[in-house]
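Me: I am new to this structure and would like to understand how its descriptions are arrived at. Please take me through the reasoning step by step, setting each value against the rule behind it.

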Amino acid sequence: MKEIFKQNRFFLIPYFLVFLILIGTVLVISKGEIHLFVNRFHCSFCDFFFKYYTNIGDGLTIVIIAVLFVLFSYRQTIMILSTLIVSGLLSQFFKKVIFSDVVRPVKYFENIADLHLVDGVKTLLYHSFPSGHTTTAFTFFFYLSVISKNPYLKLLWFILASLVGYSRMYLSHHFLPDVLFGSFLGVITTFMFVLLLDKSLDVKSLNRGLIKK
């Protein structure tokens, strides 16, 4: 466990620092106030960028990317797909069963405040907690951190995952607590899979891929 943390400290240290700061913010400021504050800051470029970048956290998009791993490593393909499936199912379980009554920002602020919304982005009203896109993004990018050697790449993966989380708030699909829990779900699921499963798959036949013999 310590070894995994040490090897991925360029992802995990900034992640947990930001996570703890934002958890503290949530404890003293309501999610509605936080969302209205975030919603004040927008621009045409951001509208365009986040409208499309948020799709990085879409399960189908990530699965398509993950399938490309089969070209280089069957082991990594099995790991990333199984981790994505489990984290996705957990996210949907919390969203649809445990916290099914939690509404999204557009519904929450209905007849209360006018939110800045991006044209062409579908408005969602229910099943806000947690953010599934954020769970998927942190699952995928944290696994990229695990298999990356370059520490600066690990930091880049953290930034790219965080931008997906922020995009969910920017587009008023989720509140900050939704994003925080989604990110934690993605990180902890990936961490546990790497800890418990990765070594058992470390065999010669699985370390090759379609183009890597």
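Reply: Let us begin with a rule: a residue is buried when its relative accessible area is under 20%, exposed when that area is over 50%, and partly exposed in between. Please keep in mind throughout that this is a predicted model.

Me: What makes Ile147 count as partly exposed?

Reply: The relative accessibility of Ile147 is 28%, and because values between under 20% and over 50% are called partly exposed, Ile147 receives that label. Ile147 lies in helix H8, which covers residues 132-147, and its C-alpha atom is separated by 38 Å from that of Gly32, a residue 115 positions apart from Ile147 along the chain.

Me: Why is Val38 called buried?

Reply: Val38 has a relative accessible area of 13%, and since buried means under 20%, Val38 is therefore buried. Val38 belongs to helix H3, residues 31-39, and although Val38 and Leu176 are 138 residues apart along the chain, their C-alpha atoms are separated by 9.6 Å.

Me: How do you know that Lys107 and Glu110 form a salt bridge?

Reply: The closest N and O atoms of Lys107 and Glu110 are 3.1 Å apart, and because the rule asks for a side-chain nitrogen of Lys or Arg within 4 Å of a carboxyl oxygen of Asp or Glu, the pair qualifies. Side chains of opposite charge can pair when their charged atoms come close. The structure holds one salt bridge, and both partners are partly exposed, Lys107 at 27% relative accessibility and Glu110 with a relative accessible area of 43%.

Me: What makes the rings of Phe11 and Phe158 an edge-to-face pair?

Reply: A search of the whole structure finds 26 aromatic pairs. In the pair of Phe11 and Phe158 the ring centres are 5.8 Å apart and the planes stand at 80°; because rings pair when their centres lie within 6.5 Å, and planes over 60 degrees apart count as edge-to-face, both conditions are met. Phe11 lies in helix H2 (residues 9-28) and Phe158 in helix H9 (residues 151-170), so the pair ties together parts that are 147 residues apart in sequence. Phe11 and Phe158 are buried.

Me: Why are the rings of Phe93 and Phe94 called edge-to-face?

Reply: The ring centres of Phe93 and Phe94 are 6.0 Å apart and their planes are at 65°, so they satisfy the limit of 6.5 Å for a pair and the requirement of over 60 degrees for edge-to-face. Phe93 is partly exposed, with a relative accessible area of 42%.

Me: Which residues are linked into a cluster by ring pairs?

Reply: The cluster contains Phe11, Tyr15, Phe16, Phe19, Phe138, Phe142, Phe158 and Phe184.

Me: Where does the charged end of Lys31 sit?

Reply: The charged end of Lys31 sits over the ring of Phe175, at 4.5 Å from the ring centre, and this distance is consistent with the rule, because NZ of Lys must be within 6 Å of the ring centre.

Me: Which residues make the nonpolar surface patch?

Reply: Phe10, Tyr152, Leu155 and Ile159 make a nonpolar patch of about 380 Å², to which H9 gives the most, with three residues. Leu155 lies in helix H9 and is partly exposed at 31%, so Leu155 passes the requirement of over 30% relative accessible area for a patch residue.

Me: What is unusual about the backbone at Asn111 and Ser172?

Reply: Most residues other than glycine have a negative phi, and most peptide bonds are trans. Asn111, in the loop between H7 and H8, has a positive phi of about 65° although it is not a glycine. Ser172, in the loop between H9 and helix H10 (176-196), likewise has a positive phi, of about 60°, without being a glycine.

Me: Are Asn111 and Ser172 buried or exposed?

Reply: Asn111 counts as exposed because its relative accessibility of 80% is over 50%, whereas Ser172 is buried because its relative accessible area of 1% is under 20%.

Me: Where is the cis peptide bond?

Reply: The cis peptide bond joins Phe129 and Pro130, with omega of about -5°, and Pro130 is placed in the loop between helix H7 (105-108) and H8.

Technical notes
Residues are numbered from 1 along each chain as its sequence is written. This is a predicted model: local features need pLDDT of at least 70, side-chain atom pairs count only at pLDDT 80 or more; totals for chains, interfaces and linings use all residues. Side-chain values use heavy atoms; hydrogens and water are left out. Buried means under 20% relative accessible area, exposed over 50%, partly exposed in between (1.4 Å probe, protein chains only). Rings of Phe, Tyr and Trp (its six-membered ring) pair if their centres lie within 6.5 Å; planes under 30 degrees apart count as stacked, over 60 as edge-to-face and the rest as tilted. Helices (H or I, at least four residues) and strands (E, at least two) are DSSP runs, numbered from the N terminus. A charge sits over a ring if NZ of Lys or CZ of Arg is within 6 Å of the ring centre and within 35 degrees of the ring normal. Patches are made of residues with over 30% relative accessible area and no salt bridge: like charges are joined within 9 Å, nonpolar side chains (Val, Leu, Ile, Met, Phe, Trp, Tyr) within 5 Å. Accessible areas come from the Shrake-Rupley method with a 1.4 Å probe; for residues, only the protein chains shown count as cover.
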